[in-house]
Amino acid sequence: MASVYLRGGWWWCRLKDETGTWISRTTEFAEGDRRKAQRYAAAAQRKLDERRLAGDAAGPVTVAAYSEKWLADREARGIRSIRADRGRFVNYILPHLGAMRLDEVRPRHVRDMVRALRQAGKIAPRTVLRVYGVVHTMFRDALVDELIESNPCALHRGELPAKVDKDPEWRTSATYTTREVEQLISDARIPPERRVQHALKAIAGLRHGEVAGLRWRHYDPTLEPLGRLVIATSYDTGRTKTDVTRRVPVHPTLGKILAAWKLSHWERIYGRAPGADDLVVPTRNLTTIDASDAVHAFKADLEALGLRIEAGEHRDRGRHDLRSWFITTCQEHGAHRDLLRVVTHTSKGDVVSGYTRAQWPALCAEVGKLRVSTLDGEILPLATGFATAEVKAANRWRKVVTPMGLEPMFSA
């Protein structure tokens, strides 16, 4: 039978846990709330009794034990951030909270963890916010599972850092000139499939997962005034990052690149003509290109062209920065910010956005303002190493495929 007692002006309760051991727990109710404290204690004891009767006597649930089960459940449900979330637990959360009982974590413990991460100064404020966010989500689910009575992630204003970058200068250097973009989409020193990837990111503003999951059925070149990409999935998950399908006008330069890629190069590389369900830019075994592989390949392309890789002290220029270049340069060339947002992002959660229905010609007009082309007017030119090997094209990839499943470099 649970009982309550006063301690330091707050009601505490005595409970018998799953192993039959008497424990003390604060109810978080002040001296004048005895009835609420008694109800809290009775409810907590009932839950402990239910778990004991159900045979769950393996011991108290720790943060580490529950987090592993929680992460496995999220992975089974297809949560896309699972790899990053697991890293946040291993590196930042479990060292502070892992050994604690799940139901004994209090707001002060979460506060101390956040303070320790901030004072260490080893991770960016945005990373601290993401760590706190995943902890908050885990305890919210533990509350739904009726393993805790309240969510301890209830920090006061000022405990969490502002959403700023660790290196305040990197964004100014993590961008490209139009000339650099034109090199990335047309220089023959880069394999054609990678030039197509770069073009989709730089001239359509797609994320890597959206490029990786793009299939030929998602592209309609017959629409007027510009062709259309339907962005309906990230990788092969069946959904985009935001779970919202977007329409993206195909810039004339991108349209020419996709036409050349489909009509000649795709078949030359993969040994057959592409079908509607084939990926636009797959690996050699016709699967989606992994994000980490794409990072290494992109840096190799920058290096091959003699272009700068670094962007500030802590990061390099990446393929996602091509998306930033698209959004920024379209606006610099006169595109309307709100119409461009319909192409690149989901609508805002305000009333006006919910009633906005942009017409296709209007979206095409904004994307068409972007002034970008291929170098010397050539569309996916082949280096000498490619042109002289065309007779063996259907089988070549099986012999020289790189570990990334990407076409290797050939010297011109």
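Good morning. I begin with a definition: a residue is called buried when its relative accessible area is under 20%, exposed when that area is over 50%, and partly exposed in between. I shall return to this scale several times. Please also keep in mind that the structure before you is a predicted model.

Let me start with the chain as a whole. There are 412 residues, and 46% of them are buried. The secondary structure consists of 17 helices and six strands. Of the contacts in the chain with a separation of 6 or more, 64% are between residues 24 or more positions apart.

I turn now to the strands, beginning at the start of the chain. Here β1, β2 and β3 form an open sheet, in that order, and the pairing is antiparallel. The edges are taken by β1, residues 3–7, and β3, residues 22–30; each has a single partner strand, so one side of each has no neighbour in the sheet. On average, and ignoring direction, neighbouring strands of this sheet are turned by 35° against each other.

How many bridges join β1 to β2? There are five, and β2 covers residues 10–16. Within this sheet, Arg7 stands opposite Trp10 of β2.

One residue of strand β3 deserves a separate remark, namely Glu28. Its phi is positive, at about 65°, although Glu28 is not a glycine. On the scale given at the outset, Glu28 is partly exposed, because its relative accessible area is 38%.

The second sheet comes later in the chain. It is also described as open, with three strands in the order β4-β5-β6 and antiparallel pairing. At its edges stand β4 and β6, the latter being residues 246–249; each has a single partner strand, and therefore one side of each lacks a neighbour in the sheet. Four bridges connect β5 with β6. Ile231 is placed opposite Arg246 of β6. A helix also packs on this sheet: α15, residues 360–368, touches β5 and β6, and its direction makes about 50° with that of β6.

Before leaving this region, I draw your attention to the loop between β4, residues 219–220, and β5, residues 228–231, where Pro225 is found. The peptide bond leading from Glu224 to Pro225 is cis, with omega near 5°.

Next, a pair of helices. Helix α2 spans residues 63–76 and helix α5 spans residues 125–144; their axes come within 11 Å and cross at roughly 90°. Angles of 65 to 115 degrees count as roughly perpendicular, so that is the term for α2 relative to α5.

Which residues of α2 and α5 meet? From α2 they are Val63, Tyr66, Ser67, Trp70 and Arg74, and from α5 they are Val134, Thr137, Met138, Phe139, Asp141 and Ala142. By class, this contact of α2 with α5 comprises seven nonpolar, two polar and two charged residues.

Let us look at one member of that group, Thr137, in helix α5. Is Thr137 buried or exposed? Its relative accessible area is 18%, and the limit for buried is under 20%, so Thr137 counts as buried. Setting aside neighbours within four places in sequence, Thr137 is in contact with Trp70 and Arg74.

Beyond α5 the chain enters the loop that leads to α6, residues 170–173, and in this loop lies Glu159. Glu159 has 15% relative accessibility and therefore counts as buried. What does Glu159 touch, once residues up to four places away in sequence are not counted? The list is Arg111, Val114, Arg115 and Arg118. With Arg115 there is a polar contact, side chain to side chain, at 2.7 Å. Arg111 and Glu159 are 48 residues apart along the chain, yet their C-alpha atoms are separated by 7.2 Å.

The loop between α5 and α6 also holds Glu146. Glu146 is not a glycine, but its phi is positive, at about 65°. With a relative accessible area of 46%, Glu146 is partly exposed.

To close, I return to two residues. Thr137 is buried in this predicted model, with a relative accessible area of 18%. Glu159 is buried as well, at 15% relative accessibility. Thank you for your attention.

Key. Residues numbered from 1 in each chain as written. Predicted model: local features only at pLDDT ≥ 70, side-chain atom pairs only at ≥ 80, totals over all residues. Heavy atoms only, no water. Pairing = 2+ DSSP bridges. Helix = DSSP H or I, 4+ residues; strand = E, 2+ residues; numbered from the N terminus. Axes fitted to C-alpha atoms, helices over the stretch in contact; angles between N-to-C directions. Parallel < 35°, antiparallel > 145°, perpendicular 65-115°, else oblique. Contact = heavy atoms within 4.5 Å. Nonpolar A, V, L, I, M, F, W, Y, C, P; charged D, E, K, R; others polar. Buried < 20%, exposed > 50% of the residue type's maximum accessible area, 1.4 Å probe, protein only. Polar contact = N/O pair within 3.5 Å; in protein donor to acceptor, adjacent residues only side chain to side chain.
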